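Colleague: I have a few questions about this one. Put it up and we can go through it.

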Amino acid sequence: MHSRLGMTNLLGAIGNTPLVQVNFKTNARVFAKLEYLNPGGSIKDRSALYMVEEAEKQGLLKPGGTIVEASSGNQGIALAMIGAVKRYKVIITVSEKISEEKLKTLKAYGAKVVICPATNFIDDPKSYHSQARIILGKTPRGFMPNQYFNLKNPEAHYNSLGPEIWQQTQGKITHLFAAAGTGGTVSGAGKFLKEQNPKIRVIAVDAASSFDATRGHPKPYKMEGIGIDFNTPCLDREILDEIIPVADDEAFVMMKIMARNRGLLVGTSSGAVAHAVNQYAEKFEDGDVAVMIFGDSGRAYLSKDY
Ligand SMILES: Cc1ncc(COP(=O)(O)O)c(C=O)c1O
């Protein structure tokens, strides 16, 4: 990754994002990990790169191959960027609820995008998950990272996000708040942090009308990248102390407050995470250090949610 000049290539610039303090009315110190400053604009750069490079090592993805993935947008964008650098073709299936900005970003990176209807259940043959599998079956030299079922996804965050947070807080973190989509972020980073200090509380933030939050009776929601919609091995419930469900409106209110009053132009899942921290405010004790993962930028949602 690193050349002799001490410079790094684009993919070497993934990770090592800033951790900044954010003013909240609580006696904890609250910090945001700005994952939108990754080169592809989201937390998903980390897991996408790790899954691709592990597949290369295992011979599952070879030069001239095609990456096929189902994505709410950011995983696809990360894969499209990585594909552009490593010269792989990339096909991404998305749900029709994807923001216009994410759709255009995928295309700008040269990915082929297949738009599928928004379904409540993963096994619906029309869902973007089912469609990705069908496309994979028809694609020679195709590889599907399969972020919901690939344990390299949480491992990526165990190896990079967790250690960064531990170092940046000098081991003082007491609470981790992260949105759960696949659950890879919160489970992987949370596992690393609990191994350093078992007292750290790991809190996943879910969409209030997801499959999990409604115990199997999901309703559509507008937030993207968040929502536990099926049982995935990437979500390790042993690591989680709590799951906080957040509704669209609650997330959107906090998302706008973050932009207007804190200068943090973040996406919908970050709004949900900030809402969860706000809701938790009275439970913090003096000296607590809370870290929120801000997964992507509000620029992806300007025409839709701002
Ligand atoms: C903006 C954003 N935040 C959070 C997440 C959730 O991350 P994970 O899939 O690791 O649970 C995603 C996943 O797509 C995302 O795009």
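Modeller: Domain bounds here come from an automatic or database domain assignment. This is a predicted model, where local features need pLDDT of at least 70 and side-chain atom pairs 80 or more, while totals for chains, interfaces and linings use all residues. Residues are numbered from 1 along each chain as its sequence is written.

Colleague: Which domains does the ligand shell draw at least three residues from?

Modeller: Domain 1 (10-37 + 157-301) and domain 2 (44-143) each give at least three residues to the shell around the ligand.

Colleague: How many residues surround the ligand, and which are the closest?

Modeller: There are 19 around the ligand, and the closest are Gly 181, Thr 182, Thr 185, Gly 225 and Gly 295. A residue is near a molecule if its C-beta, placed from the backbone, lies within 6 Å of it.

Colleague: Which elements give two or more residues to that shell?

Modeller: Those are α2 (74-86) and α7 (184-196). Helices are DSSP runs (H or I, at least four residues) numbered from the N terminus.

Colleague: And what is the shell like by class?

Modeller: The shell around the ligand has four nonpolar, 13 polar and two charged residues. Ala, Val, Leu, Ile, Met, Phe, Trp, Tyr, Cys and Pro count as nonpolar, Asp, Glu, Lys and Arg as charged, the others, Gly among them, as polar.

Colleague: Back to the domains. How many Å apart are their C-alpha centres?

Modeller: The C-alpha centres of domain 1 and domain 2 are 24 Å apart. Contacts between the two involve 19 residues of domain 1 and 15 residues of domain 2, with C-beta atoms within 7 Å counting as contact. On the domain 1 side that touches domain 2, nine residues are nonpolar, six polar and four charged.

Colleague: Now α2. At roughly what angle does α1 cross α2?

Modeller: Helix α1 (residues 44-57) crosses α2 at roughly 55°, and the axes come within 8 Å. That makes α1 oblique to α2, as angles under 35 degrees are roughly parallel, over 145 roughly antiparallel, 65 to 115 roughly perpendicular and the rest oblique.

Colleague: Which residues meet there?

Modeller: From α1, Lys 44, Asp 45, Ala 48, Leu 49 and Val 52 meet Asn 74, Gln 75, Ala 78, Leu 79 and Ile 82 of α2. The contact of α1 with α2 has six nonpolar, two polar and two charged residues.

Colleague: Then α7. At about what angle does α5 pack on α7?

Modeller: Helix α5 (residues 152-159) packs on α7 at about 45°, with the axes 7 Å apart. The angle makes α5 oblique to α7. Asn 153, Pro 154, Glu 155, Ala 156, His 157 and Tyr 158 of α5 meet Gly 184, Thr 185, Ser 187, Gly 188, Ala 189, Lys 191 and Phe 192 of α7. By class, the contact of α5 with α7 has five nonpolar, six polar and two charged residues.

Colleague: And α6, at roughly what angle does α6 cross α7?

Modeller: Roughly 50°, with the axes of α6 (residues 161-168) and α7 coming within 8 Å. Hence α6 is oblique to α7. On the α6 side the contact is made by Leu 161, Gly 162, Pro 163, Ile 165 and Trp 166, and on the α7 side by Thr 185, Gly 188, Ala 189, Phe 192, Leu 193 and Gln 196.

Colleague: How many charged residues are in the contact of α6 with α7?

Modeller: None; the contact of α6 with α7 divides into seven nonpolar and four polar residues, with no charged.

Definitions and conventions. Axes are lines fitted to C-alpha atoms, for helices over the stretch in contact, and angles run from 0 to 180 degrees between N-to-C directions.
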